[in-house]
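Please explain how the residues of one helix are placed in this structure. Burial, a salt bridge and a surface patch are the topics.

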Amino acid sequence: MTFIATLILALGMSMDAFAAALGKGATLHRPGFKEALRTGLIFGSIEALTPLIGWALGLAASRYIMAWDHWVAFTLLAFLGGRMVMEGFRQTAVAEPCEAPQSHGFMVLATTAVATSLDALAVGVGLAFLQVNIITTALTIGAATTVMATTGVLVGRFIGPVLGKWAEVLGGVVLIAVGSTILLQHLGYTA
């Protein structure tokens, strides 16, 4: 696989992480570069590990992984997104202004990152059939995801104040939409 093909693959793998990070950034109170980079590194590290895991699982387990990865991703993202939507509606119903958090917890970010990187797990299994350097490919995917997720949080910073209390609702809807898109693409529905 050429470097250009690897880069295109990496950017494709990082798009759902960008969308999820955008929603996460919108729900925070003016996240700075440090928080954006922290989020990007969590997403990027997990996104780099999943193709390695997929590669290691190899041919024997490929049909099982590919048969369920979209359902696991959809369930995790729908759960997290639904929780964010409910919390957002709960905050909008409160008369007193509620201060947005300064950062998201590690487990929330890691769970979101795992959900958005399950497609990279299946890609890793597919890459086991090709003559590729899996380490270079995984590192490229991780680096692209780090950049895209960091950018997503920083862009979300500007969207959050415009949306006010509705930012968390929108962030939850984005996660549900990403999960639904993963599921629909796997089931053969394309836009």
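A residue is called buried when its relative accessible area is under 20%, exposed when that area is over 50%, and partly exposed in between. The model is predicted, and the values below are computed from it.

Thr 50 is a residue of helix α2. Its relative accessibility is 9%, so Thr 50 counts as buried. Apart from neighbours within four places in sequence, the residues in contact with Thr 50 are Ser 117, Ala 120 and Leu 121.

Helix α2 also holds Arg 38 and Glu 35, which are three residues apart, about one turn of the helix. Their side chains form a salt bridge, with an N to O distance of 2.9 Å. One salt bridge is found in a search of the whole structure. The two partners fall into separate accessibility classes: Glu 35 is buried because its relative accessible area is 10%, while Arg 38, at 28% relative accessibility, counts as partly exposed.

On the surface, Trp 68, Trp 71, Val 72, Leu 184, Leu 187 and Tyr 189 make a nonpolar patch of about 650 Å². Helix α2, residues 33-93, gives the largest share of this patch, with three residues. One of the patch residues, Trp 71, lies in helix α2. Trp 71 has a relative accessible area of 37%, and is therefore partly exposed. A patch residue must have over 30% relative accessible area and no salt bridge, and the 37% of Trp 71 is over that cut-off.

Notes. Residues are numbered from 1 along each chain as its sequence is written. This is a predicted model: local features need pLDDT of at least 70, side-chain atom pairs count only at pLDDT 80 or more; totals for chains, interfaces and linings use all residues. Side-chain values use heavy atoms; hydrogens and water are left out. Patches are made of residues with over 30% relative accessible area and no salt bridge: like charges are joined within 9 Å, nonpolar side chains (Val, Leu, Ile, Met, Phe, Trp, Tyr) within 5 Å. Accessible areas come from the Shrake-Rupley method with a 1.4 Å probe; for residues, only the protein chains shown count as cover. A salt bridge is a side-chain nitrogen of Lys or Arg within 4 Å of a carboxyl oxygen of Asp or Glu. Helices (H or I, at least four residues) and strands (E, at least two) are DSSP runs, numbered from the N terminus. Buried means under 20% relative accessible area, exposed over 50%, partly exposed in between (1.4 Å probe, protein chains only). Contact means heavy atoms within 4.5 Å.
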